[in-house]
Amino acid sequence: MELKLEGNYSLLSTCVYNTIKDAIIAEKLEPGKKVSETGLAKELGVSRTPVREALRILYTEGFVKLTPNSSFVVSMFTQKDAIEILHVRSILESEASRMAAMNIDEEGKRKLKKAISLMDKVYELEGEEKAAEFSNADIEFHKVIFEIAGNSKMLMVSDSLHDRQIRLYISTHSANTELMDVCSRQHRHIMDAIVIGDEIGAEKYAKEHISYIKKMISSF
């Protein structure tokens, strides 16, 4: 495992937190692996303090857990976790889509179309890179909807849930063309409803989208 600090963050602790979290999501730090404060601090070239702060936050978010001897271990992520998260996402994203349809303006339309175009470009890729970039494009699309909806707290919750979703996606399967095709179509339905201000349609299509993902994950 080789980790290095990434990102341009104002606080070192934030940079350390994001670096460790990204390593967990990408499974550079594998589920069940013991995490050493000293080892991470040495590898990242920082003191133990920002590493300790990062691990405490990751603990509250469920990325790591504490053993009886107070050591941190990377948490396992199960199908049950994913289904529970998708239930919450269904509530959040259907409401966010409805709100976005109410608030949509020309700038919002531009952002949605750009997010869709990012997903289209994924089809030019292959294998694991295709799967990872599809997840990134999916996150961006839903993030834009929350931004248009105008509720920052909903966006914060959604971001956290998506992190866990990426982790399951990467660890359970490689590029699934059928899933990508269906999700891409569903995203367009959601976008079209939001663009024309169809609140009921946007909410309906968002629920159908999450329901489909839940069905797919249940079959893995």
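This passage describes helix 1, its packing against helix 3, and the surroundings of Phe63 in a predicted model.

Helix 1, which comprises residues 12-25 and thus has 14 residues, reaches 20 Å from its first C-alpha to its last, close to the 20 Å expected at 1.5 Å a residue. Of these 14 residues, 10 are buried, so helix 1 is largely enclosed by the rest of the structure. The buried positions are Cys15, Val16, Tyr17, Asn18, Thr19, Ile20, Lys21, Ala23, Ile24 and Ile25. Just after the helix, Glu27 adopts a positive phi of about 60 degrees.

Two packed helices are described by the angle between their axes and the distance between the axes. For helix 1 and helix 3, the axes come within 8 Å and cross at roughly 55 degrees, and the two helices are therefore oblique to each other. Their crossing is right-handed. On the side of helix 1, the contact is made by Leu12, Ser13, Val16, Tyr17, Ile20, Lys21 and Ile24, while helix 3 contributes Pro50, Val51, Glu53, Ala54, Leu55, Ile57, Leu58 and Glu61. By character, the residues of this contact divide into 11 nonpolar, one polar and three charged.

Phe63 lies in the loop that joins helix 3 (48-61) to strand 2 (64-66). Because its relative accessibility is 1%, against a cut-off of 20%, Phe63 counts as buried. Phe63 and Val73, which are 10 residues apart in sequence, are separated by 8.7 Å in space, C-alpha to C-alpha.

Key
Residues are numbered from 1 along each chain as its sequence is written. This is a predicted model: local features need pLDDT of at least 70, side-chain atom pairs count only at pLDDT 80 or more; totals for chains, interfaces and linings use all residues. Side-chain values use heavy atoms; hydrogens and water are left out. Helices (H or I, at least four residues) and strands (E, at least two) are DSSP runs, numbered from the N terminus. Buried means under 20% relative accessible area, exposed over 50%, partly exposed in between (1.4 Å probe, protein chains only). The expected span of a helix is 1.5 Å times one less than its number of residues. Axes are lines fitted to C-alpha atoms, for helices over the stretch in contact, and angles run from 0 to 180 degrees between N-to-C directions. Angles under 35 degrees count as roughly parallel, over 145 as roughly antiparallel, 65 to 115 as roughly perpendicular and the rest as oblique. A crossing is left-handed if the near helix is turned anticlockwise from the far one by less than a right angle, and right-handed if clockwise. Contact means heavy atoms within 4.5 Å. Ala, Val, Leu, Ile, Met, Phe, Trp, Tyr, Cys and Pro count as nonpolar, Asp, Glu, Lys and Arg as charged, and the others, Gly among them, as polar.
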